[in-house]
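Trainee: I should like to understand how the terms used for a protein structure are justified. May we go through some of them together?

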Amino acid sequence: MNRLTLLSTALLSGVICFTATATADVLLTETFDNNSGFSQSVGFFSDGQHDYFGINGSAEDWGDGTTPSGQKGYTGFTDNFLTGEDLDGEGATLPITLNWTGIDVSNQSDLTFSGDFGASDTNLDRSDEWYFEVQFDGNGFTKVMEFVFDPNHPDSINAGFFYGSEALTSVAKNFSANINGTGSSMDLRMTIDFNSGSEDFAVDNLRVASFSAIPEPGSLAVLGLIGCVGLVRRRRR
Ligand SMILES: [Ca+2]
Ligand SMILES: [Ca+2]
Ligand SMILES: [Ca+2]
Ligand SMILES: [Ca+2]
């Protein structure tokens, strides 16, 4: 192999790697360190035991209530996370909704939604609901992620919720979904309707991002060099 072929092969390998490189623009991050980033249909509350809706963590927030003793013990979240149980236990109207409005998505494409999620795996019912929707420029909400009652459970009460084939448990799991549609401004809405004792949920690290392949001259050069080194090594064998 002559030097010219070697050089063009190295450049080609760089270009191939480059076109597969995606960069993410993070358009929304919700870490639940406070409730300033969203509006909510019901204020945080707690009866100190098994009826609660609020933030658990180093900056816990239970509205006028006290730390609930009946929390499940979720793990895998990043410090503060949103959690709740028996959401109408203190008189709240269900479902509870949270809204993140005015997310700037102009000139963005390939939007994705993701987050860390957990829920009771033994007490939810088919009638319970938990889903996320988006709308563009106020034109109506469509579902982007929905958790559903165990499709293989023999009856309709007291089992787990699933996202696809993945069961929600007391350990945080990260799920992501593509968002269809485009516009200038996007709203995200969470809807949850867990209405009985021991029906609980937890969520953290919600994220909306756009993925697009953008030229990165620096990585192009590095990848080209890696390809070059690989070829030189092969020639020496
Ligand atoms: Ca957090
Ligand atoms: Ca139940
Ligand atoms: Ca229920
Ligand atoms: Ca209830």
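Mentor: Certainly. A residue is called buried if 20 or more other C-beta atoms lie within 10 Å of its own. Please note that this model is predicted.

Trainee: What makes strand E5 mostly covered?

Mentor: Strand E5 comprises residues 81-85, and five of its five residues are buried. Phe81, Thr83 and Glu85 lie on one side, with Leu82 and Gly84 on the other, and both faces are covered.

Trainee: Why are strands E4 and E5 said to pair?

Mentor: Two strands pair if there are at least two bridges between them. Strand E4 (residues 52-56) and E5 have five bridges, in the antiparallel sense, so the criterion is satisfied. In one of these strands, E5, glutamate 85 is the bridge partner of tyrosine 52.

Trainee: Why does one side of strand E2 and of strand E11 lack a neighbour in the sheet?

Mentor: The open sheet has seven antiparallel strands, in the order E2-E6-E13-E8-E9-E10-E11. E2 (39-40) and E11 (166-167) stand at its edges with a single partner strand each, so one side of each remains without a neighbour.

Trainee: How do you know that alanine 202 is in contact with Phe81?

Mentor: Contact requires C-beta atoms, placed from the backbone, within 7 Å. Alanine 202 touches Phe81, and among its other contacts are Tyr74, Phe77 and Leu82. Both Phe81 and Ala202 are also among the residues that touch the most other members of the largest nonpolar core, which has 39 residues. Strand E14 (200-212) is one of the strands supplying at least two residues of this core, and E14 gives the most, with five.

Methods: Residues are numbered from 1 along each chain as its sequence is written. Chains are lettered from A and ligands numbered from 1 in the order in which they are written. This is a predicted model: local features need pLDDT of at least 70, side-chain atom pairs count only at pLDDT 80 or more; totals for chains, interfaces and linings use all residues. A residue is buried if 20 or more other C-beta atoms lie within 10 Å of its own, exposed if 12 or fewer, and partly exposed in between; C-beta atoms are placed from the backbone. Helices (H or I, at least four residues) and strands (E, at least two) are DSSP runs, numbered from the N terminus. A nonpolar core is a set of buried Ala, Val, Leu, Ile, Met, Phe, Trp, Tyr and Cys residues joined through C-beta atoms within 7 Å. Two residues are in contact if their C-beta atoms, placed from the backbone, lie within 7 Å. Lists of a residue's contacts leave out its neighbours within four places in sequence.
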